[in-house]
Amino acid sequence: MFTSALEVKKIGDQKYELTAPLVYEDGAIVIQVNPEFDFDAISIPKIFWSIIDSPFTGKAVRAACLHDALYAGEVFERQTCDNLFLEAMESEGVGYFKRYAMYNAVRFFGGSVWRNHNKEEVNEYKKFVTVLGYYDV
């Protein structure tokens, strides 16, 4: 579950920057996304906003920020990042249909994002995530 609020400032059309740490805890693990991390909220085409959620008003926004940070820094294996996204959405009260629609979207479309990571950017983004403990898939 998240133990902190999502505090951001808008820095672009659909781009936000954390202004305070975002903390997610799950028993054996604590993940902190550090301030100044930039993300695009929930990355879904506008046509699906009424079905899934708008990018920055839905229950899944903190989970999306966490997922974006984990992906950007390749903090865990891709599957683990996606599993944490699913788990975080459930902890936020995102309904079953919406939760699995977003999870399946990242499983289906996230591979191309993951494969196109630039090693220098990945190393730069690692500084935005602090992990304490161990996450077991």
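**Note on two sheets and a helix pair**

1. Leu22 stands opposite Val33, a residue of β4, and the strands β3 and β4 pair in the antiparallel sense over five bridges. Here two strands pair if DSSP finds at least two bridges between them, while helices (H or I, at least four residues) and strands (E, at least two) are DSSP runs, numbered from the N terminus. In the hairpin that β3 and β4 form, two residues lie between the strands, and Gly27 takes a positive phi near 60 degrees.

2. Some notes on the source belong here: this is a predicted model, in which local features need pLDDT of at least 70 and side-chain atom pairs count only at pLDDT 80 or more, whereas totals for chains, interfaces and linings use all residues. Residues are numbered from 1 along each chain as its sequence is written, and side-chain values use heavy atoms, with hydrogens and water left out.

3. The hairpin strands belong to an open sheet of three strands, whose order is β3-β4-β6 and whose pairing is antiparallel. Because β3 (22–26) and β6 (129–133) stand at the edges, each with a single partner strand, one side of each is left without a neighbour in the sheet. From one strand to the next, the twist averages 10 degrees; axes are lines fitted to C-alpha atoms, for helices over the stretch in contact, and angles run from 0 to 180 degrees between N-to-C directions.

4. Strand β4 (residues 29–33) is joined to β6 by five bridges, and these two strands run antiparallel; Ile31 stands opposite Val131 in β6. Which side chains along β4 are buried? Ile29, Ile31 and Val33 point to one face and are buried, while Val30 and Gln32 point to the other and are not; buried means under 20% relative accessible area, exposed over 50%, and partly exposed in between (1.4 Å probe, protein chains only).

5. Two helices pack on the β3-β4-β6 sheet, where contact means heavy atoms within 4.5 Å. Helix α1 (residues 61–72) touches β3, β4 and β6, and its direction makes about 90 degrees with that of β4. Helix α2 (residues 78–91) touches β3 and β4, and its direction makes about 95 degrees with that of β3.

6. How do the two helices meet? α1 and α2 pack at an angle of about 170 degrees, with their axes 9 Å apart, which makes α1 roughly antiparallel to α2 (angles under 35 degrees count as roughly parallel, over 145 as roughly antiparallel, 65 to 115 as roughly perpendicular and the rest as oblique). Among the residues that meet are Leu66 and Leu70 in α1, and Leu84 and Phe85 in α2.

7. Cys65 counts as buried, at 0% relative accessibility, and Cys81 likewise counts as buried at 0%. The count of disulfides comes to zero, a disulfide being a pair of cysteine sulfur atoms within 2.5 Å.

8. A second open sheet of three strands has the order β1-β2-β5, with antiparallel pairing, and its edge strands are β1 and β5 (38–39), each of which pairs on one side only. Four bridges join β1 to β2 (residues 15–18), and the bridge partner of Gly12 in β2 is Lys15.

9. Thr3 lies in the segment before β1 (8–12) and is partly exposed, with a relative accessible area of 43%. Leaving aside neighbours within four places in sequence, Thr3 is in contact with Val23 and Glu25.
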